[in-house]
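I opened a new page for this structure. I wanted to look up its strands, its core and a few odd backbone angles.

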Amino acid sequence: GFRSGIFTGAVDGEAWDATFMNAWTPVFDNRGGERVAAQVRLNYFEYSIAVNGELWPSTYACVWAPSFDPATGALAAPVRQGGKWGMAIDAAMAWAPKYYQCWNQEWSADGKKLWAVVAPEYGKFTVACNDKTWSATFPVITDLSLSPDGSRAAALASHKNDDFRVVVDGQAWQGGWDMAWKPVFSSDGAHVAALVRKQDAWTYMVDGKPVKEIFSRAWEPMF
């Protein structure tokens, strides 16, 4: 039945041999597409990561979606141990489990930087790069965005789905908004833009300043 495992992964119609209580969020290693990883649930209490159906040797109280290093193929996944969250890479604990939350990780293109949304304290979220956090914290952090070279990051901060602010390199831009959308970087990583809205007025912020124009409707920017 369900507890014995009824879920698995499949690639091009070919299912893995192993089955799991649950399986979610398959991701490809884009260096060649030969490996696929997913978060899996083994029983009511144990979770792990499966790669081409093969389990990591470690189990955890919970896991989030894995992601492959685009340069080396190393596999990172947020994992929960001892009541706190950390980051495992290829089943070895790379970031100690010290966070109240850790998820939505993203690699730089060269694989030298791993970014993630983390909560160093309960209800206080920020962004970490290689396990080093921004000093500023916020009630919620979403929509992590990296510059093309992965050296910079931006995100949205908010409180109870309101008072949205754009945060770039750990600094919140002035002004709160009823809604904001994922920040975008220019191709050289020097500039950041975001679509924002207050009541029925839509506009854009670029490098921390709103543009002069106000619109009745607008869409996400690109450089």
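I call a residue buried when its relative accessible area is under 20%. I also note that this is a predicted model.

**Entry: strand E5**

I began with E5. How many of the five residues of E5 are buried? Five of the five are, so E5 is largely enclosed by the rest of the structure. I then checked which way the side chains go. Tyr47, Ile49 and Val51 point one way, while Ser48 and Ala50 point the other way. That fits a general pattern: in a regular strand the side chains alternate between the two faces of the sheet.

**Entry: the sheet around E5**

I traced the strand order next. The sheet is open, has four strands and runs E3-E4-E5-E6 with antiparallel pairing. Why is one side of E3 and of E6 left without a neighbour in the sheet? Strand E3 (22–28) and strand E6 (54–55) stand at the edges, and each has a single partner strand, so one side stays unpaired.

I counted the links on both sides of E5. Strand E4 (residues 36–41) and strand E5 (residues 47–51) are joined by five bridges. Among the partners, Ala38 is matched with Ala50 and Ala37 with Val51. E4 and E5 make a hairpin, with five residues between them.

On the other side, E5 pairs with E6 over two bridges, again in the antiparallel sense. Val51 turns up here too: its bridge partner in E6 is Glu54. Two residues lie between the strands of this hairpin, and Asn52 has a positive phi near 50° there.

**Entry: positive phi elsewhere**

I looked up two further residues. Ala91 is not a glycine, yet its phi is positive, about 75°. Ala91 sits in the loop between strand E10 (84–89) and strand E11 (92–99). Asn161 also has a positive phi, near 60°. Its loop runs between strand E17 (153–159) and strand E18 (162–168).

Is each of the two buried or exposed? Ala91 is buried, at 17% relative accessible area. Asn161 is exposed, at 62%.

**Entry: the nonpolar core**

I went to the largest nonpolar core, which has 15 residues. Trp115, Val127, Trp134, Ile141, Leu144 and Ala153 have the most contacts inside it. Strand E13 (114–121), strand E14 (124–129), strand E16 (140–146) and E17 each supply at least two of its residues. The general rule I keep in mind is that in soluble globular proteins nonpolar side chains tend to be buried together.

I picked Ile141 for a closer look. Beyond four places in sequence, Ile141 is in contact with Val117, Phe125, Thr126, Val127, Ala155, Leu156 and Ala157.

**Entry: Asp131**

Asp131 lies in the loop between E14 and strand E15 (132–133). What does Asp131 touch, leaving out residues up to four places away in sequence? I found Trp95, Ala96, Lys98 and Tyr99. I also checked Gly86, which is 45 residues from Asp131 along the chain. Their C-alpha atoms are 9.0 Å apart.

**Entry: a surface patch**

I finished near the start of the chain. Phe2, Ile6 and Phe7 form a nonpolar patch on the surface, and together they have about 270 Å² of accessible area. Phe7 belongs to the segment before strand E1 (10–11). I noted Phe7 as partly exposed, with a relative accessible area of 35%.

Notes: Residues are numbered from 1 along each chain as its sequence is written. This is a predicted model: local features need pLDDT of at least 70, side-chain atom pairs count only at pLDDT 80 or more; totals for chains, interfaces and linings use all residues. Side-chain values use heavy atoms; hydrogens and water are left out. Buried means under 20% relative accessible area, exposed over 50%, partly exposed in between (1.4 Å probe, protein chains only). Patches are made of residues with over 30% relative accessible area and no salt bridge: like charges are joined within 9 Å, nonpolar side chains (Val, Leu, Ile, Met, Phe, Trp, Tyr) within 5 Å. Accessible areas come from the Shrake-Rupley method with a 1.4 Å probe; for residues, only the protein chains shown count as cover. A salt bridge is a side-chain nitrogen of Lys or Arg within 4 Å of a carboxyl oxygen of Asp or Glu. Two strands pair if DSSP finds at least two bridges between them. A nonpolar core is a set of buried Ala, Val, Leu, Ile, Met, Phe, Trp, Tyr and Cys residues joined through side-chain atoms within 4.5 Å. Contact means heavy atoms within 4.5 Å.
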